Amino acid sequence: LVEFKPSIALVKAWDANIGAGSPFVFSPDTDGQAVYAAGREGKVVKLDLASGREVWRIDAGQPLSAGVGIGEGLVLVGTPKGLLLAFNSGDGSPAWSARLSGEILTPPIAGNGVVVARSNDGKVFLLESATGKQRWSYNRTLPVLTLREQGHLMLAGNAVFAGHAGGKLTALALNNGAPLWEANVALPRGATEL
């Protein structure tokens, strides 16, 4: 093997325990000033980016299955029962909640005055960031055999980018959810779904 000489030494600045995540996958997020994280039991926390000091910790009051999404002054998490919960990033107070059509497994995203989230039944939802009111939803039929995990969403310009089971990538218009384009990222092979 080639000898590897590290060019920089990493030092742990701080760490924090929010609680267990399994069987779900949780990802922390940052707004550049703080780090936000959540755990399966319903705890959501805001930590100072530089020191790791806890700014606030709240209990969502129910188990969580996805989080954390940050943007528009909101901290966003999802539940196994399809409830999208929004909290104010400043103090952790509840902002609004919205019911989606299925379990939420990926962190919601926010920007441009909207929140985008997806449920595990193949639907993508766009909601008003101020009120949680739904503007539109995009429905896609799932293949017969799919993984339980959904791909993450991306918000850029006037479009939402969503990867779908079956190897498709779609750009959806922010104003009405209409597909702007769709591309094959991977083509399925084989005689059966397995």
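This is a guided tour of selected side-chain pairs and strands, with a suggestion at each stop of what to select next. The model is a predicted one, and residues are numbered from 1 along each chain as its sequence is written.

**First stop: the aromatic pairs**

Two aromatic pairs are present in the structure. Begin by selecting Tyr36 and Trp56, whose rings form a tilted pair with 6.3 Å from centre to centre and 50° between the planes. The angle is called tilted because planes under 30 degrees apart would count as stacked and planes over 60 as edge-to-face. If you then colour the strands, you will find Tyr36 in strand β2, which covers residues 34-38, and Trp56 in strand β4, which covers residues 54-59, so the pair ties together parts that are 20 residues apart in sequence. With a surface switched on, note that Tyr36 and Trp56 are both buried.

Next, move to Phe161 and Trp181, which form a tilted aromatic pair with 5.9 Å between the centres and 45° between the planes. Here Phe161 belongs to strand β14 (residues 159-164) and Trp181 to strand β16 (residues 179-184), so this pair too ties together parts that are 20 residues apart in sequence. Are these two rings buried or exposed? Phe161 is partly exposed, with a relative accessible area of 22%, and Trp181 is also partly exposed, at 39% relative accessibility. The value for Phe161 is not counted as buried, because that word is kept for residues under 20% relative accessible area.

**Second stop: the sheet that holds Phe161 and Trp181**

Keep those two residues displayed and select strands β13, β14, β15 and β16, which make up an open sheet of four strands in that order, with antiparallel pairing. The edges of the sheet are β13 and β16, each of which pairs on one side only. When you look across the sheet, neighbouring strands are turned by 20° against each other on average, with direction ignored. To follow one pairing in detail, select β13 and β14, which run antiparallel and are joined by four bridges. Within this pairing, Leu153 has Ala162 in β14 as its bridge partner.

**Third stop: Arg140 and its surroundings**

From the edge strand β16, select Glu182 and then Arg140, whose side chains meet in a salt bridge with 2.8 Å from N to O. This pair links distant parts of the chain, since Arg140 sits in the loop between β12 (134-138) and β13 (153-156) while Glu182 is in strand β16, 42 residues apart. The two partners can be compared with the surface shown: Arg140 is buried, with a relative accessible area of 17%, whereas Glu182 counts as partly exposed at 40% relative accessibility.

Which other side chain makes a polar contact with that of Arg140? The side chain of Tyr138 does so, at 3.1 Å, in addition to the polar contact with the side chain of Glu182 at 2.8 Å. If you expand the selection around Arg140, leaving aside residues up to four places away in sequence, the residues that Arg140 touches are Asp121, Gly122, His164, Lys168, Thr170 and Glu182.

**Fourth stop: the hairpin of β11 and β12**

The loop that carries Arg140 starts after β12, and a useful next selection is therefore β12 together with strand β11 (residues 124-128), two antiparallel strands joined by four bridges. Show the side chains of Phe125 and Ser137 here, as Phe125 stands opposite Ser137 in β12. Then go to the turn of this hairpin, which has five residues between the strands, and select Gly132, which takes a positive phi near 85°.

**Last stop: further salt bridges**

How many salt bridges does the structure hold in total? The count comes to six, and the bridge of Arg140 and Glu182 already visited is one of them. For another, select Arg57 and Glu54, whose side chains meet at 3.1 Å from N to O. Arg57 counts as partly exposed at 36% relative accessibility, and Glu54 counts as partly exposed at 38%.

Finish with Asp15 and Lys12, whose side chains form a salt bridge at 3.3 Å from N to O. In this case Asp15 is exposed, with a relative accessible area of 54%, and Lys12 is exposed as well, with a relative accessible area of 63%.

Key
This is a predicted model: local features need pLDDT of at least 70, side-chain atom pairs count only at pLDDT 80 or more; totals for chains, interfaces and linings use all residues. Side-chain values use heavy atoms; hydrogens and water are left out. Rings of Phe, Tyr and Trp (its six-membered ring) pair if their centres lie within 6.5 Å; planes under 30 degrees apart count as stacked, over 60 as edge-to-face and the rest as tilted. Buried means under 20% relative accessible area, exposed over 50%, partly exposed in between (1.4 Å probe, protein chains only). A salt bridge is a side-chain nitrogen of Lys or Arg within 4 Å of a carboxyl oxygen of Asp or Glu. A polar contact is a pair of N or O atoms within 3.5 Å; within protein, one must be able to donate a hydrogen and the other to accept it, and residues adjacent in sequence count only if both atoms are side-chain atoms. Contact means heavy atoms within 4.5 Å. Two strands pair if DSSP finds at least two bridges between them. Axes are lines fitted to C-alpha atoms, for helices over the stretch in contact, and angles run from 0 to 180 degrees between N-to-C directions.
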